[in-house]
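Me: I have this chain open on my screen and would like a close look at one part of it. Could you take me through the nonpolar core, and then through the buried serines as well?

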Amino acid sequence: MTESVAADRRPSHRALRGWLTAEAVSLTGTRVSMVAIPWLVLTTSGSATWTGVVAFAEMLPYVVAKAASGPLIDRLGPRRVSVVTDLLSVLVVGAVPLLHALDLLTMPVVTVVVALAGTLRGPSDGAKHALVPAVVASSGVSLERATGLSGAVERLASTLGAAFAGLLVAAVGPAEALVIDAVSFGVAAALLAAFVPAPSPDTGSEPVGGTTGYLAQLREGGGFLRREPVLLAITLMVAFTNLLDVAYASVLVPVWAEQTGGGARAIGLLFGFFSGAAVLGSLIASRLGERLPRFTIYVVAFTLCGLPRFAVMAYDVAADTPLWWVLVVAVVGGFGAGFINPILGAVIFERIPPHLVGRVVTLTSALSWAGMPFGGLLAGLAVSGYGEVATLLGAGTAYLVATMAPLLVPSFRGLDRRPDTGAGPTTDGEGSGQSGEPERDLARG
């Protein structure tokens with residue numbers, strides 16, 4: 001074998017960089033739409049009811065389409081599904097500013113367009129996540145490295161993207177800002193098409209077809225999840241903690257800031273310190289994750305990022321403590337949270353057979369999001385009925401119980417074992433298993 005041929009076969013980080021950049025662009029565009037669409041609806045209609053209806057019209061199709069898209073991703077391949085849906089999203093999202101300019105953007109029209117956008121974004125996000133095996137195999141990095149970097153990119157892009165979105169909407173208007181969101185879909189599609197290779201037979205993620213019906217393939221993914229106790233425990237746990245994280249961010253933190261007199265400044269500092277520490281934790285996890293004891297990291301990370309942040313806010317409301325106490329706890333919790341997605345992402349992909357990646361990943365992601373619309377509602381009712389302190393302590397205790405409950409599954413203690421599924425590179429001699437997030441979708445808190 002000549003030296004040039006050997007060099008051609010060496011792993012390249014080209015696919016990893018392209019995928020991460022596409023993720024960053026896509027997340028930034030999503031943050032723009034999260035700010036622009038509600039503000040557009042509210043300022044156009046003057047109705048909070050329409051604002052809620054439009055938000056629901058996007059979220060419900062998103063979750064359903066993501067859960068149902070698994071067999072399509074496995075049949076056609078995640079790269080193809082992501083590129084096609086992103087290109088279609090350019091047209092759908094781009095229709096909003098166009099219709100607004102033509103004075104044709106009524107509230108029913110907005111609702112329909114947003115529902116179509118959610119229907120496309122669900123499979124697109126699921127497909128990007130299902131690309132992890134091919135990206136890892138092509139780049140020659142560990143699962144923890146890829147999922148850690150993905151978590152860092154997600155948190156950084158989400159934080160900076162939200163700030164950028166607010167400034168953009170204020171500068172040009174909500175409808176015009178959606179032009180940037182539409183463009184971001186096109187840029188993400190181009191990056192994936194240019195830098196992420198199509199799956200090959202030795203990556204363990206080649207698209208499969210077969211004669212089995214679509215619904216039967218969908219049920220096959222659900223059946224596998226039911227029979228895999230570790231994946232099922234992680235999915236249910238993340239679904240519950242996501243609900244609590246939404247309650248925390250949308251209701252409990254604003255109420256805490258209002259009752260303690262910290263105001264919007266305290267909210268910004270709290271989220272900023274938490275997110276910054278989480279980015280740092282994710283970067284460290286991406287570098288050292290494959291050498292760290294997963295079970296220990298799981299327990300320590302969730303212990304740090306769960307109950308303490310709820311408890312210190314409850315104590316602050318009751319005893320009027322200095323703000324820096326809350327911020328220190330936020331930094332410690334954020335740092336611990338940064339380790340969670342790399343660990344969970346690696347565990348999840350190791351346990352999914354290559355031909356089921358699309359189905360199982362999209363199903364776990366959709367289930368993880370299922371309770372999020374109810375988080376703010378339940379928190380508001382709890383604060384009204386029991387007060388802020390009791391609600392914070394109750395939510396923090398529930399968070400601790402939910403995150404430690406998977407420890408009751410005997411096989412969960414085997415997280416440190418890297419099963420050899422035959423897909424993806426190995427870096428430690430044991431076989432890091434199948435290449436490849438969540439979810440980044442799994443743990444957004």
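**Inside the core**

Reply: Let's start with the core itself. The largest nonpolar core has 80 residues, and W19, L270, M313 and I352 are the ones that touch the most other members. The biggest contribution to this core comes from helix α11, residues 229-260, which puts in 14 residues. A second core, separate from this one, has 25 residues, with A36, M107, V110 and L168 among them. Keep in mind that you're looking at a predicted model.

Now click on L270. Setting aside the neighbours within four places in sequence, L270 is in contact with Y248, V253, W256, M313, V326, L327 and A330. M313 in that list is also one of the four residues that touch the most other core members.

For the wider setting, the chain has 19 helices and 0 strands. Of its 445 residues, 53% are buried. The accessible surface adds up to about 18100 Å², and carbon and sulfur atoms account for 70% of that.

On to the serines, beginning with S89. You'll find S89 in helix α5, which covers residues 78-101. Its relative accessibility is 1%, so S89 counts as buried, the cut-off being under 20%. What does the side chain of S89 have for polar company? One of its polar atoms sits 2.8 Å from the backbone oxygen of T85. Beyond the neighbours within four places in sequence, S89 is in contact with G94, L120 and F185.

The other serine to look at is S124, which belongs to helix α6, residues 107-130. S124 has a relative accessible area of 1% and is therefore buried too. Here the polar partner is a side chain: S124 and D86 are joined, side chain to side chain, by a polar contact of 2.6 Å. Leaving out the neighbours within four places in sequence, the contacts of S124 are S82, T85 and D86. T85 turns up for both serines, then: its backbone oxygen lies 2.8 Å from a polar side-chain atom of S89, and T85 is also in contact with S124.

If you'd like a backbone distance for this spot, try S124 and V84. These two are 40 residues apart along the chain, and their C-alpha atoms are separated by 8.4 Å.

Technical notes:
Residues are numbered from 1 along each chain as its sequence is written. Side-chain values use heavy atoms; hydrogens and water are left out. A nonpolar core is a set of buried Ala, Val, Leu, Ile, Met, Phe, Trp, Tyr and Cys residues joined through side-chain atoms within 4.5 Å. Buried means under 20% relative accessible area, exposed over 50%, partly exposed in between (1.4 Å probe, protein chains only). Helices (H or I, at least four residues) and strands (E, at least two) are DSSP runs, numbered from the N terminus. Contact means heavy atoms within 4.5 Å. A polar contact is a pair of N or O atoms within 3.5 Å; within protein, one must be able to donate a hydrogen and the other to accept it, and residues adjacent in sequence count only if both atoms are side-chain atoms. Accessible areas come from the Shrake-Rupley method with a 1.4 Å probe; for residues, only the protein chains shown count as cover.
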